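User: Please take a close look at one part of this protein for me. I am a first-year student, so keep the terms clear.

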Amino acid sequence: MRAAVQDLDAPYISQFVETLNNHPSSFAQPLVYTINHPEKVFVTNQSRFPLYDLNFGFGTPVWVSPIPHSAINFVKVMPVHPSKTGYNIHMTTTRNAMRNILSNQSWLQLATLIF
């Protein structure tokens with residue numbers, strides 16, 4: 001993963017921006033894949049991105065979270081506020097799977113349900 005990120009260069013990023021500008025719906029293709037393959041879980045680790053370095057004139061954000069979407073079976077590893085340790089895990093899944101997670105004592109000892 002690290003090597004893939006390091007291999008990004010300006011021309012590649014420019015092509016990505018050009019694609020989004022010329023084909024705005026192209027970003028939705030991965031979401032369509034999740035709809036057609038509900039048995040799969042998709043994981044993304046965004047914990048290394050300096051999301052709390054953003055400053056819109058009010059200092060460090062109190063909370064950073066991904067934009068919610070309707071796709072199921074997504075797990076996002078997010079950074080926590082700089083004053084804390086650990087990670088925030090944002091997960092979307094089916095009601096049945098969430099019911100099972102919330103009734104599992106091992107999960108409940110590891111995590112705190114926020115929303």
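Analyst: What follows is a close look at strand β2 and the residues around it.

This is a predicted model: local features need pLDDT of at least 70, side-chain atom pairs count only at pLDDT 80 or more, and totals for chains, interfaces and linings use all residues. Residues are numbered from 1 along each chain as its sequence is written, and side-chain values use heavy atoms, with hydrogens and water left out.

Start with the setting. The chain has five helices and three strands. Helices (H or I, at least four residues) and strands (E, at least two) are DSSP runs, numbered from the N terminus. Along the sequence, the order is α-α-α-β-β-β-α-α. Of the 115 residues, 17% count as buried. Buried means under 20% relative accessible area, exposed over 50%, and partly exposed in between (1.4 Å probe, protein chains only).

Now β2, residues 74-79. Six of its six residues are buried. Phe-74, Lys-76 and Met-78 point one way from the strand. Val-75, Val-77 and Pro-79 point the other way.

β2 has partners. Two strands pair if DSSP finds at least two bridges between them. Strand β1 (residues 42-45) runs parallel to β2, joined by four bridges. β3 pairs with β2 in the antiparallel sense, over six bridges. Look at Phe-74. Its bridge partner in β1 is Phe-42. In β3, the partner of Phe-74 is Thr-92.

Next comes the loop between β2 and β3 (87-92), where Val-80 is found. Val-80 counts as buried because its relative accessibility is 13%. What does Val-80 touch, leaving aside residues up to four places away in sequence? It touches Tyr-52, Thr-85, Gly-86, Tyr-87 and Asn-88. A contact means heavy atoms within 4.5 Å. Tyr-52 is 28 residues from Val-80 along the chain, yet their C-alpha atoms are separated by 8.4 Å.

Follow the contact to Asn-88, which lies in strand β3. Asn-88 is buried too, so how low is its relative accessible area? The value is 16%. With residues up to four places away again left out, Asn-88 touches Lys-76, Val-77, Met-78 and Pro-79, among others. Its list also includes Trp-63, Val-80 and Ile-114.

Finally, step back to the whole chain. Take the contacts with a separation of 6 or more: residues 24 or more positions apart account for 41% of them. Val-80 and Tyr-52 make one contact across 28 residues.
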